[in-house]
Amino acid sequence: EEVEFLFGLSPEEGADHIIRTFRSAAVFVTGGEKGVWYQTAHGKGFVPAFSLPTVDTTGAGDIFFGSLLSQILSAEIHPDALDDGFLLNALTFANAAAGLSTTKFGGMESVPEREAVLQLIKTGRI
């Protein structure tokens, strides 16, 4: 919603605009239940969200970006080196974590355990 509000662009167009205009190494535009659009110097793409029964979206964006950053930091990959293969895995993890958080009420109370995230990725269900 913010990309449309700020730039009058779709998420994919917004990611392209941001990376060119602001010389960012990587851009991630979340679309909630739709998924996330990304763009880097090496490529761009879309990773769909998991279809889960949503009850509260409080904190989902924070959980998404915290989960994504944890994946990048634990892999010790510089943002300039992010490639599609790594991003597919990292963004799938972030989508799963954020999606799981929407199945519970609250902010901190809804942060999922790592094992639950991995189980969702493995089976596609909670």
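**Exercise 1. Determine whether Arg23 is buried or exposed, and describe its backbone and its place in the chain.**

Solution. Arg23 has a relative accessible area of 77% and is therefore exposed, the threshold for that class being over 50%. The model considered here is a predicted one. Next, the location: Arg23 belongs to the loop that links helix H2 (11–21) with strand E1 (26–30). Finally, the backbone: Arg23 is not a glycine, yet its phi is positive, at about 50°.

**Exercise 2. Characterise Ser24, which lies in the loop between H2 and E1.**

Solution. Begin with accessibility. The value for Ser24 is 26%, so this residue counts as partly exposed; the class lies between the limits of 20% and 50%. Then consider its surroundings: once residues up to four places away in sequence are set aside, Ser24 touches Ile18 and Ile19. Lastly, take a distance across the sequence: Ser24 and Gln39 are 15 residues apart along the chain, and their C-alpha atoms are separated by 9.4 Å.

**Exercise 3. State where Glu76 is found, and give its phi and its accessibility class.**

Solution. Glu76 is located in the loop between helix H3 (60–75) and H4. Its phi is positive, about 55°, although Glu76 is not a glycine. With 73% relative accessibility, Glu76 counts as exposed.

**Exercise 4. Describe the overall architecture and dimensions of the protein chain.**

Solution. First, count the elements: the protein chain contains five helices and three strands. Second, place them in order from the N terminus, which gives α-α-β-β-β-α-α-α. Third, consider the extent: the C-alpha trace spans about 40 × 35 × 25 Å along its principal axes. Fourth, apply the globule rule: a compact globule of 126 residues would have a radius of gyration near 14 Å, and the protein chain, at 14 Å, agrees with this. Fifth, examine the contacts: of those between residues at least 6 apart in sequence, 53% join residues at least 24 apart.

**Exercise 5. Summarise the burial, surface and charge of the protein chain.**

Solution. Of the 126 residues, 37% are buried. The accessible surface is about 7600 Å², and carbon and sulfur atoms account for 55% of that area. Turning to charge, there are 8 positive and 16 negative side chains. The centres of these two sets lie 5 Å apart.

**Exercise 6. Establish whether Asn95 is buried or exposed, and identify its contacts.**

Solution. Asn95 is part of helix H4 (residues 84–101). Its relative accessibility is 7%, so Asn95 counts as buried, the cut-off being under 20%. The polar interaction comes next: the side chain of Asn95 reaches the backbone oxygen of Pro48 at 3.1 Å. Pro48 also appears in the contact list of Asn95, from which neighbours within four places in sequence are left out. The other residues in that list are Gly35, Val36, Val47, Ala49, Phe50 and Phe64.

**Exercise 7. For Thr102 and Lys104, give the accessibility class and the contacts of each.**

Solution. Thr102 lies in the loop between H4 and H5, as does Lys104. Thr102 has a relative accessible area of 8% and is therefore buried, whereas Lys104, at 45%, is partly exposed. Leaving aside neighbours within four places in sequence, Thr102 is in contact with Pro53, Thr54, Val55, Asp56, Thr57 and Ala60. With the corresponding exclusion, Lys104 is in contact with Val55, Asp56, Glu109 and Ser110. Val55 and Asp56 thus occur in both lists. The C-alpha atoms of Lys104 and Thr57 are separated by 8.5 Å, with their positions 47 residues apart along the chain as the sequence separation.

**Exercise 8. Describe the environment of Ser110, including which backbone oxygens its side chain approaches.**

Solution. Ser110 sits in the loop between H4 and helix H5 (114–123). With a relative accessible area of 1%, Ser110 is buried. A polar atom of its side chain lies 2.9 Å from the backbone oxygen of Gly106 and 2.8 Å from the backbone oxygen of Gly107. Beyond residues up to four places away in sequence, Ser110 touches Thr58, Ile63, Ser101, Lys104 and Phe105. Finally, Ser110 and Gly59, 51 residues apart in sequence, have a C-alpha to C-alpha distance of 8.0 Å.

Notes:
Residues are numbered from 1 along each chain as its sequence is written. This is a predicted model: local features need pLDDT of at least 70, side-chain atom pairs count only at pLDDT 80 or more; totals for chains, interfaces and linings use all residues. Side-chain values use heavy atoms; hydrogens and water are left out. Helices (H or I, at least four residues) and strands (E, at least two) are DSSP runs, numbered from the N terminus. The radius of gyration is taken over C-alpha atoms; the globule rule is 2.2 Å times the number of residues to the power 0.38. Buried means under 20% relative accessible area, exposed over 50%, partly exposed in between (1.4 Å probe, protein chains only). Contact means heavy atoms within 4.5 Å. Accessible areas come from the Shrake-Rupley method with a 1.4 Å probe; for residues, only the protein chains shown count as cover. Lys and Arg count as positive and Asp and Glu as negative; His and the chain ends are not counted. The place of a charge is taken as NZ of Lys, CZ of Arg, CG of Asp or CD of Glu. A polar contact is a pair of N or O atoms within 3.5 Å; within protein, one must be able to donate a hydrogen and the other to accept it, and residues adjacent in sequence count only if both atoms are side-chain atoms.
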